[in-house]
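Visitor: Could you take me on a close look at the place where the two chains meet? I'm in my first year, so please go step by step.

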Amino acid sequence: MNSLIHPLLALLLAPLLLGIINRTKALFAGRTGQPLLQAYFDLAKLLRKGAVYSETTTWVFRAGPIVGVAAPVVAIALIPFGGIPALLNFPGDLILFAYLFGLMRFMTVAAALDTGSAFEGMGASREVQFSALAEPALLLGLAALARLTGDLSLSGILGSLTPQDWAHAAPALALVTAGLLVVYLAENSRIPVDDPNTHLELTMIHEVMVLDHGGPDFGLILYGASLKLWALGAILTGVVLPFHDERLWPGIVIALGGMFGLAVFVGVVESSMARLRLLRVPQLLVAAMVLSALALVLLMR
Amino acid sequence: MSPFMLGILILFISALLALALRREHEAASRVGAFGAMLGCAVATIPVLRAMAGAEIPSLILPWSMPCGSLIFRIDLLSALFLLPILLVSALGALYGLAYLRPYADRKPVGSLGRCWFWYNLLVAGMLLVCVSHNALMFLVAWELMSLASFFLVAFDDEKTEVRDSAWTYFIATHLGTAFIIALFLTMGVAAGSFDFADFHKATLGPGVMGVLFLFAVIGFGTKAGFMPFHVWLPEAHPVAPSHVSAVMSGVMIKTGIYGLLRMLMLMGHPPAWWGWTLIGIGLVSGVLGVLFALAQHDLKRLLAYHSVENIGIIAMGSGLGMLGISIGSPLLTTLGFAGALLHVINHALFKSLLFFGAGAVQHGAGTREMDHLGGLLKRLPLTGLFFLIGAVAISGLPPLNGFVSEFLIYLGAFHSGATLHGTAALSGVAVITGLALIGGLAAACFTKVFGTVFLGAPRTEHAAHAHECGILMWLPMLTLAALCAAIGLCAPLAANAMAPVVANMTGLAPEQTALAVTYAQWPLTGVVTAAVALLLALCLLALLRRRLLARRSVGATGTWDCGYARPTARMQYTSSSFAQPITDCFRMFLGTRTSLRAPGEPFPQQPGRLSTETPDIFIARFYRPLFSWITRPLSWTLNVQHGRVQLYVLYVALTLVALLIWALGWPQ
């Protein structure tokens, strides 16, 4: 039953992460900022609206947001949280984890191309390029963790990682963390790869792909994106804060604290950094891939 | 064995009948197609029995050749390759019946009959290749298969580019065959017999064995499409009729994998570098294959490059398997080979599905040029749906079959990377990086294909007036799409079926491979559970969305182009612009040629023009220089080889006289 705690927490609290990021950014900019629960208000409003569809679109356009929520929901069921094993865990679940996001991306991109808009095509084209380079970094980073712990499931890996591992394999773990952090920022369309707050369609990636979606469809997209932010963040938190406790709640509290801390960190990054030129992004992602590969090779000595 | 031979006999007879009836287009087509389907159906019976574990007695026929016996046998490895061959060939025949119909008025009398003649011979050739256990018979069947497919590629032979492509294929396949002949001769002479069963008796030094291994890789790799021996695939697949492309790309190139695996298992304990070579070839073929695919504009040429990519994945799996044998790890061996063999079947299913889809697009819209298409999902709803299923499957995404086989190879790689010691663990790093990069790029490529061809607005009149294909063409696609989903949802069963094949092939004890597959059962059950959960979540969300929208206003309008009121279809992103960031990123491997004529003065009189072309880098940089280097010193032979028959007769006569003098023992 304990395994159900994390999926429930994720489904409930994922939109809160967006609020924390935005409040952090507001704090840096000296503004009051939007309410912490703004994402929930937006979702509630969007789900109650009607929709307007482009005449060019087909059922693929309507299927995109649905897959965009279903895939991260299943992915969240694969992630352990605060020392509780995942609802569904088996050796190799980390591969499925990465590929579920592949499926989500495939359908989001297809839905964007379905509108026939040049702007959405542009965003879709960038999305597939960056994610193709981010995927090896993610899988190599997870492979390095598998090498360190000798386990092939996310629950096994994050469950057996301890603070002592940080003591004796600090360089490798630091490299993995750096690689995963880049993947986390890139996959969730945050600065320095993409700016969720930009107002110029020409420079957008994720936001421009969903220009034509409205109403409940857009609500699902917003929710799916926050679930993805949660899912990848939970892995990163699990690596950085490998504290386990026999009791249930201390672990969960630490992990939740990690998640919110990560959201604050994203807010700090977004406030203190400019985004990279689009031509530089592949270099950043290849660097992440190299960091993860280096970590794996370090652990093979 | 006899139903199998009966099936082949039906294929031969129907081939001859189609040829005899070639003046009647419709009759010849029906005889050819139904003969092919019947022959395949009859031959399937013993293959299924062999897969189920029954011992199929070998057929040994008397023959007067001095090198072994004429022996036909279906073992598990043969059966595994025969199954997709039979299925795809039968579906291809059904599809071809409708696909070739428009050609009846365009082509000269008799060409359809000839097409079916060669098609049925191609099927018979592939079947014989997989059951021949004697080197000489294998070569005869191999040649039958190659020649038949050559004539099928040259179906549209009134076009120059088709003839050129056909010759490229002809030369490539025979260069490959030359290496196979050298391999068979060396092994056969050393073993004292040309029966495959005796090949293991050959005792040769490790150096010679290494050379023979390379011969096998080059010879069979040419047929399979390993880079850099792949150059014929992107030439031959686009110009052949689509059902032939489906058969060639889906199953014929797999006979190269079959031959390679069959030979490797007869060559004794492999050194580790054999496994590394296969992994290296797999990486190069996989990554470069998908990159070249991304740069293509022709739908079928793009699919041909994807065959190179998937053969690369199969090579990586086999490489892990070979490495597993070499270092004595049954788990790695089983996972690698099981993944590779399952991918052989999976690729046969989704690649022929995609080629059938491409054929339906060509049939309905009259062009394969992706940048001239668009919006076809509205005009070809069934083809579009099946093509999407194939596209998701080939991108290796859950919950379809492509993910299952890649998952097994990944599992082997993660096992190697996480637990093995020494350099062997690096194979895991290589394969994980390769598969992840290939996966991401393949998804990019197929969103590009599906997006430009089926989504958006039609870019030309061709696309705007496209029409859906008939039941004879969509039924094969439906079957293949259903099988893609079925294997994805029955992953543990599919992996179970591979265990005895791997045991039979590698000589591992069946218990060992079963144990290794049991290791994969839990993960695969997990994958299926997740897939079912995913489908359930999809249904629930679709219902929720419907309920939310039920009482709201749902309007329709034009696409919102950021305020621009009159967008046209020409303003959409094209396949080239979609892929441009990636092809730019990897331009050092691709060598894309761009020619740009920018519009000049502020009010340009002439429209600007931009065209890009990505010719195969191996042809331009390697084969063309190589062949011109060979041709130059050999050009003097043109003095002897000039095409005058009378002088050829003189050569024959002179040779005979010289032989006669030599035979009489003069001068002594």
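Guide: Sure! One term before we start: a salt bridge here is a side-chain nitrogen of Lys or Arg within 4 Å of a carboxyl oxygen of Asp or Glu. Also keep in mind that this is a predicted model.

By that rule, the interface of chain B and chain A holds 1 salt bridge. It joins B:Arg545 to A:Asp217, with the closest N and O atoms 2.8 Å apart. That distance is within the 4 Å cut-off, so the pair counts. Besides the salt bridge count, there are polar contacts to look at: 21 residue pairs make them across the interface, both partners being at pLDDT 80 or more.

Which parts of chain B do the touching? Several elements give two or more residues to the side that meets chain A, among them helix 16 (381-394), helix 17 (401-419), helix 22 (510-550) and strand 3 (554-557) of chain B. The largest share, 17 residues, comes from helix 18 of chain B. Sort that whole side of chain B by class and you get 52 nonpolar, 22 polar and 5 charged residues.

Now step back and take in the whole contact. Chain B puts in 79 residues and chain A puts in 70 residues. Together the two chains bury about 6,300 Å², and 76% of it is on carbon and sulfur atoms. On the chain B side, B:Phe414, B:Arg545 and B:Tyr573 lose the most area to chain A, together 10% of what that side buries. You've met B:Arg545 already, as the salt-bridge partner of A:Asp217.

There's a strand pairing across the chains, too. Strand 1 (residues 51-54) of chain A runs parallel to strand 3 of chain B, and the two pair over 4 bridges. To find one spot in it, look for A:Tyr53, whose bridge partner in strand 3 of chain B is B:Ala556.

What does chain A look like behind that contact? Chain A has 12 helices and 1 strand, and along the sequence two helices come before the strand. Its radius of gyration is 19 Å, close to the 19 Å the globule rule gives for 301 residues, so chain A is as compact as a globular protein of that length. Its C-alpha trace spans about 55 × 40 × 40 Å along the principal axes.

Finally, compare a salt bridge inside chain A: A:Lys228 and A:Glu187 have their closest N and O atoms 3.1 Å apart. A:Lys228 sits in helix 10 and A:Glu187 in helix 8 of chain A, so the pair ties together parts 41 residues apart in sequence.

Notes:
Residues numbered from 1 in each chain as written. Chains lettered and ligands numbered in written order. Heavy atoms only, no water. Contact = heavy atoms within 4.5 Å. Buried area = accessible area lost by both parts, 1.4 Å probe. Polar contact = N/O pair within 3.5 Å; in protein donor to acceptor, adjacent residues only side chain to side chain. Nonpolar A, V, L, I, M, F, W, Y, C, P; charged D, E, K, R; others polar. Pairing = 2+ DSSP bridges. Rg over C-alpha atoms; globule rule 2.2 N^0.38 Å.
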